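Here is a short tour of a complex, meant to be read with the model open beside you. We will look at a helix pair, then at the contacts between chains and between domains, and end with the confidence scores.

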Amino acid sequence: MSTRPIVAASPDSIAVVTLDATMEERITELLRRYPTTRAALLPMLWLCQERYGWISPGVMRAVASRLGESPAFVEGVVSFYTMYHTRPPARYVLQVCTTLSCAYCGGRELVEHLKGRLGIGFGEKTPDGEFQLMAVQCLGACGDAPVVQINDDYYENLDVTSLDKVLDELAGRR
Amino acid sequence: MEAVLLRARGLPESRTIATYLAAGGYEGLKKALTMTPDAVTKEVLDSELRGRGGAGFPTGRKWGFVPKDHPGPRYLICNADESEPGTFKDREIIEHDPHQVVEGIAIASYAIRANTAYIYIRGEFVRWARILEEAIEEARKGGFLGKNILGGGFDLDVWVHRGAGAYICGEETALLESLEGKRGFPRLKPPFPAVVGAFGKPTAVNNVETLACVPHIMARGAPWFASIGRPRNTGPKLFCVSGHVNRPGVYELPLGVTFREIIEEHCQGVRGGRKLKAYFPGGTSAPIMTAAEVDVQADFDACAQAGTMLGSGGIIVLDETVDMVEVCATVAHFYAHESCGQCTPCREGADWCMDILDRMVEGHGRPADPETLLRICRFSSNGITICPLGDAYALPISSIVNKFREEFDRRIGTASPLPQKKLPVLPWTGPRPGFGV
């Protein structure tokens, strides 16, 4: 599997955001799907996260003004969900499932190993900006426990050795 | 039992429309379009299909609640927010045979006279959202979606809508809020979604597996479907087994099979030859069952009779080595994280339980803790909250405490009690903001 790295825009570069023609085209296509403009909010945030790597206050303001919502409303939505990054993420975000089946089928060992190998705790990034560790709740792949989601991809039936191999490969790819 | 929902699993290119058509795909839709929408609903009602998302409500009745005299539009929502711990069946269906879902959506939309359908899929399922989009595109090209489907004069657009990470959005009204671009706060019912649903219009919300059953019912008839399983608990069901078993995975079995058969025969027993200690029969929101209760039949009514629920069919097996206080704490963490925060009993209660259980795990249990846990759960039970999450955390926690009470008491016996903090009482001397004093 070749997980695509996240390329996060620098905070300065997206302090003020103007949605360009490519984005505008995709937004218009999205708006056609729903009877209200507000309904396009989640998909539009996904578009932005794909493009900029994360949702900065500048992105929220741009989205709000495009959809005719207040920035406060958009921020309320962004902060409710767990998958929108509100700070620049690392290139690879390791989302380790900590719910029951994973926790009892090797997930806790993976967490200990990752913390040791990367020298970081949950919510933290390695100094080189390569990896970020996140504890998540059930990923819906319990039969293949333990599961780690890296960016958009699921890695299943892991153990310490196979996870190390994945990380080595990702870290080596520059 | 012959494979129905999982018949394509293992076939090469099982996801493509060509494979699906070769297996008799879209015959159900063809047949449905020759019938009236009400006759389609009647057929599903006669099959006694019950919702596979967790509640087990008869699907035909749900469709029947959508008003016929409404000027429209009406919406059909496919709930693919699969996030109940222990559940991974919808992903299996989408991975191997997404056209079943697309065809089910088309038939259901026809039955409730909806011209737009949305598939709400959890945000993490990026790959499976893509698979569904490809299947929709194939179906559109094949004339099974879009304008004037199969020349029958019925139009339908289907869109995939990704969530963004919130368990609560699997609850149908929270899902609708999220679809509308808001935070996933469940709505008060009534009005029910059938009358006031997505965008304020009549809406039916059905689970992926439920919709995947529909094409088979249409193609092979309600009597065939009703002949599988037991009366009122009919049809094939996907059971997801995870935890300490030799062969975890998704198994398609008739409703009414016993949990013993699922665990011992199909999953080849508990890992490492160890003994079964407990299992969750339908995701962690269902009350836990002990090893002594393994002969219960896995269907909606038998589980209800045994004081638990089949839920989504997510069976989590725990062997004799697990510490039930730790299990309880892990469960509490999930609900404390996933409570949307609207209702006090759930928001505060789940957090409070988590704090107490974490403290017990760390060895600082207090004698009153088990009773306090039960009291918190009691205050959050019996539908006191807007959505069922209040019950969803209270049922597993209280059942674990009740059924494994001695483990909790033992924790206290060996604990080094923390010094009891005396909270200082702060007399308020300053002005009271907002009162102009």
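A helix axis here is a line fitted to C-alpha atoms over the stretch in contact, and the angle between two axes runs from 0 to 180 degrees between their N-to-C directions. Please keep in mind throughout that this is a predicted model.

With that in hand, turn to chain B. Helix α13 of chain B (residues 324–338) packs against helix α14 of chain B (residues 344–361) at an angle of about 150°, and their axes are 8 Å apart. Angles over 145 degrees count as roughly antiparallel, so α13(B) and α14(B) are roughly antiparallel to each other. Their crossing is left-handed.

Which residues of α13(B) and α14(B) make the contact? From α13(B) come Val325(B), Glu326(B), Cys328(B), Ala329(B), Ala332(B), His333(B), Tyr335(B) and Ala336(B). On the other side, α14(B) brings Ala350(B), Asp351(B), Cys353(B), Met354(B), Leu357(B), Asp358(B), Met360(B) and Val361(B). Sorted by class, the residues of this helix contact are twelve nonpolar, one polar and three charged.

Next comes the meeting of the two chains. Here 33 residues of chain A are in contact with 44 residues of chain B. On the chain A side, α2 (41–52), α4 (71–80) and α5 (100–118) each supply at least two residues. The most comes from α5(A), with five residues. The side of chain A that touches chain B has 21 nonpolar residues, along with nine polar and three charged ones.

Chain A also has an internal division, into domain 1 (1–87) and domain 2 (92–172). The C-alpha centres of these two domains of chain A lie 26 Å apart. Five residues from domain 1 of chain A and six residues from domain 2 of chain A take part in the contact between them.

The class make-up of the three contacts can be set out together:

| Contact or side | Nonpolar | Polar | Charged |
|---|---|---|---|
| Side of chain A that touches chain B | 21 residues | nine residues | three residues |
| Side of domain 1 of chain A that touches domain 2 of chain A | three residues | one residue | one residue |
| Contact of α13(B) with α14(B) | twelve residues | one residue | three residues |

Finally, the confidence scores. For the complex, the predictor gives an ipTM of 0.97 and a pTM of 0.94. Chain B has an average pLDDT of 93, and 94% of its residues score at least 70. Over residues 431–437 of chain B, however, the pLDDT is below 50, and this stretch has two contacts in the model beyond near neighbours in sequence.

Key:
Residues are numbered from 1 along each chain as its sequence is written. Chains are lettered from A and ligands numbered from 1 in the order in which they are written. This is a predicted model: local features need pLDDT of at least 70, side-chain atom pairs count only at pLDDT 80 or more; totals for chains, interfaces and linings use all residues. pLDDT is the predictor's confidence in each residue, from 0 to 100. Two residues are in contact if their C-beta atoms, placed from the backbone, lie within 7 Å. Helices (H or I, at least four residues) and strands (E, at least two) are DSSP runs, numbered from the N terminus. Ala, Val, Leu, Ile, Met, Phe, Trp, Tyr, Cys and Pro count as nonpolar, Asp, Glu, Lys and Arg as charged, and the others, Gly among them, as polar. Domain bounds come from an automatic or database domain assignment. Angles under 35 degrees count as roughly parallel, over 145 as roughly antiparallel, 65 to 115 as roughly perpendicular and the rest as oblique. A crossing is left-handed if the near helix is turned anticlockwise from the far one by less than a right angle, and right-handed if clockwise.
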